[in-house]
Each structure stands twice: as structure tokens, then as C-alpha cells.
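Here is a short report on one protein chain. Keep the sequence and the 3D view open while reading.

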Amino acid sequence: MIYLKTDDEIEFMSESNQLVGMTLGEIAKWVQPGITTRRLDEIAEQFIRDNGAVPGFKGYGGFPSTLCISVNDKVVHGFPSDYELKDGDIISVDCGVVKNGFNGDSAYTFPVGEVSQETMKLLKTTKESLYIGISKATVGNRIGDIGSAIQDYCEQRGFSVVRELCGHGIGKKLHEDPDVPNYGKKGTGTLLKSGMCICIEPMINAGVKNILMERDGWTVRTRDGKPSAHFEHAIAIRPEGPQILSSFKFIEDVLGNKSI
């Protein structure tokens with residue numbers, strides 16, 4: 001069942017998603033060698049609660065933390081821990097909040113210190129593919145148009161697209177219909193209509209597309225141990241085109257010329 005949102009509901013969703021962007025901006029201040037991923041999680045939870053919302057991920061399906069933090073070859077759903085970030089790492093931070101009964105959800109992959117040129121290419125390509133996918137999220141297009149655009153862009157640059165994980169609808173529930181894969185064929189899949197709200201989130205690997213699930217039942221990593229990047233925006237499909245509800249502006253304000 002796909003729920004089309006009213007203008008008022010989309011405004012509530014914009015508030016939730018802007019808070020996610022603000023939280024990621026706060027995290028951007030702290031991403032540096034020596035900090036533990038558990039400390040980043042504590043900072044995020046305090047910031048969300050201080051802004052009148054609750055973490056959207058904590059307790060969801062039994063997930064124990066506010067943030068999904070996935071370092072290097074971890075694709076998504078990593079647990080915050082006592083791991084200390086090192087120069088050359090990359091860290092995917094996926095954040096969700098609930099405010100006014102609606103969910104916000106966004107993700108950004110940060111470089112830590114000096115990162116290799118090839119890894120930076122992976123991050124830039126993944127982020128660029130997100131916006132290319134968003135550009136296809138227009139009334140009358142289909143879900144396959146989004147995935148096809150992302151897949152073509154990333155594969156042409158030598159990277160691979162994770163198949164087992166995908167984007168999703170979002171609203172009063174964190175995960176709603178439809179699924180939004182990052183691969184596919186043009187002109188196939190669910191028809192996009194005004195009022196649909198979805199999360200587009202490319203998960204792109206430097207090596208093979210294959211993944212493994214760790215014993216914790218959550219953390220997903222690349223089979224070949226090569227890095228993976230993840231960027232996500234929540235959007236609303238509107239008659240005039242896609243409206244990005246979340247924001248990387250707060251991150252970019254912190255990172256300045258170090259932004260991806």
C-alpha cells in the first residue's frame with residue numbers, strides 16, 4: 001500500500017528530515033581521527049532529543065543505537081562501538097528521527113583525514129548518483145527509471161551496485177512501500193505519483209557487488225573487503241518535480257571546501 005501525502009503532511013516530513021540534516025551537520029563537527037563511533041552516536045541522540053524529537057532507529061526492529069555507523073567495507077547498519085576512527089577511513093552515518101509523528105531519514109559518507117584518490121572517487125560518484133536518481137523521480141516516471149540512472153552512472157565509472165538493499169517509501173512509518181532499488185530497467189516498476197515520499201539511497205561498492213551479513217544480524221559488509229559508500233535523501237514527488245526533504249547543507253557548512 002502506497003500512501004500519498006498531503007501538502008501538510010509533506011511539510012511535517014520536511015521538518016523531520018531537516019532535523020536529520022542538522023544532526024548530520026552536528027556529527028560532521030566531530031568526525032576526525034581518534035573519536036569513537038559510540039561517541040558520535042551519543043552526540044546524535046542528545047542533539048535529536050534537545051530538538052524535540054526522538055531517534056527513529058533506536059529500538060526499530062531491535063536496533064540498539066541512534067545511528068547506523070558503517071566504516072570502510074561496512075555497507076550499512078553497522079553498530080556504533082569503541083572503534084576509534086583512523087586517518088584514511090570512510091564512515092557512513094545513517095540517521096533517522098521521528099518528529100510530529102513523521103519520520104526523517106538521510107545518510108552521508110564522510111572521509112576521515114586524508115583518504116585515497118580512488119576512495120574519494122567512490123564517494124563522489126555515489127553522491128552524484130544520488131542526485132541523478134532524484135532527477136528521475138518525477139510524476140509519470142517509474143521506479144525503474146531511478147534505479148537505472150543510478151546503476152548506469154556508477155557502473156560506467158567502474159563501481160558496483162548492491163542488489164540486496166534498497167531505498168523505500170517513508171512517512172508515519174520509517175519503511176513504507178514502494179521499494180526503491182538502485183538498479184533496474186527504464187520504464188519498469190511502480191508508477192510515480194504526486195504525493196509519494198521515498199528515500200533514494202545508493203549503496204555503491206568499490207569492488208564486487210556481493211555482500212555478507214555479520215553475526216550480529218545487522219551489519220552488512222562487502223564480500224571482498226573493499227570500501228562501500230552510502231548517501232541518502234528523502235524526497236517528495238511533486239507536480240513541479242522532486243522536492244528534497246532532507247539536506248546536506250548543514251554538513252557542507254561545517255566541511256566547507258572539504259565537502260565531497
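## A strand covered on both faces

In this predicted model, strand 2 is covered on both of its faces. Leu67, Ile69 and Val71 are buried on one side. Cys68 and Ser70 are buried on the other. That makes 5 of the 5 residues of strand 2 (residues 67-71) buried, so the strand is largely enclosed by the rest of the structure.

Which strand pairs with strand 2? The partner is strand 4 (residues 90-99), joined to strand 2 by 5 bridges. The two run antiparallel. Within this pairing, Val71 has Ile91 of strand 4 as its bridge partner.

## Nonpolar cores

Ile91 comes up again in the largest nonpolar core, which has 51 residues. Along with Phe110, Ile146 and Ile200, Ile91 touches the most other members. Setting aside residues up to four places away in sequence, Ile200 touches a long list of residues, including Leu130, Gly133, Ile134, Ala137, Ile146 and Ile150. Val180, Phe231, Glu232, His233 and Ile235 are also among the residues that Ile200 touches.

Another core, of 13 residues, lies apart from the largest one. Among its members are Met13, Phe63, Cys199 and Leu245. In soluble globular proteins, nonpolar side chains tend to be buried together.

## The five-stranded sheet

An open sheet of 5 strands follows the order 8-7-9-14-15, with antiparallel pairing. Strand 8 (176-180) and strand 15 stand at the edges. Each has a single partner strand, so one side of each is left without a neighbour in the sheet. From one strand to the next, the twist averages 30 degrees.

Inside the sheet, strand 7 (residues 167-169) pairs with strand 9 (residues 197-200) in the antiparallel sense, over 2 bridges. His168 stands opposite Cys199 of strand 9. Helix 1 (residues 7-28) packs on the sheet and touches strand 9, strand 14 (233-238) and strand 15. The direction of helix 1 makes about 160 degrees with that of strand 14.

## Helix 3

Helix 3 (residues 117-135) lies across strand 9, strand 14 and strand 15. Helix 3 runs at about 15 degrees to strand 14. How far apart are the end C-alpha atoms of helix 3? They are 27 Å apart. At 1.5 Å a residue, the 19 residues should span 27 Å, so the two values agree.

Several residues of helix 3 are buried, among them Thr119, Leu122, Leu123, Thr126 and Lys127. Leu130, Gly133 and Ile134 of helix 3 are buried too, and these three are among the residues that Ile200 touches. An α-helix has 3.6 residues a turn, so residues three or four places apart point the same way.

## Two buried loop residues

Gly195 lies in the loop between strand 8 and strand 9. Is Gly195 buried or exposed? At 2% relative accessibility, Gly195 counts as buried. Leaving aside neighbours within four places in sequence, Gly195 is in contact with Tyr3, Leu4, Lys5, Ile10 and Ile237. The C-alpha atoms of Gly195 and Val139 are separated by 9.4 Å, with the two residues 56 apart along the chain.

Ser247 is found in the loop between strand 15 (241-244) and helix 5 (249-255). Ser247 is buried, with a relative accessible area of 11%. A polar atom of the Ser247 side chain lies 3.0 Å from the backbone nitrogen of Lys249. Beyond its neighbours within four places in sequence, Ser247 is in contact with Asn17, Gln18, Gly21 and His233.

Key:
Residues are numbered from 1 along each chain as its sequence is written. This is a predicted model: local features need pLDDT of at least 70, side-chain atom pairs count only at pLDDT 80 or more; totals for chains, interfaces and linings use all residues. Side-chain values use heavy atoms; hydrogens and water are left out. Helices (H or I, at least four residues) and strands (E, at least two) are DSSP runs, numbered from the N terminus. Buried means under 20% relative accessible area, exposed over 50%, partly exposed in between (1.4 Å probe, protein chains only). A polar contact is a pair of N or O atoms within 3.5 Å; within protein, one must be able to donate a hydrogen and the other to accept it, and residues adjacent in sequence count only if both atoms are side-chain atoms. Contact means heavy atoms within 4.5 Å. Two strands pair if DSSP finds at least two bridges between them. Axes are lines fitted to C-alpha atoms, for helices over the stretch in contact, and angles run from 0 to 180 degrees between N-to-C directions. The expected span of a helix is 1.5 Å times one less than its number of residues. A nonpolar core is a set of buried Ala, Val, Leu, Ile, Met, Phe, Trp, Tyr and Cys residues joined through side-chain atoms within 4.5 Å.
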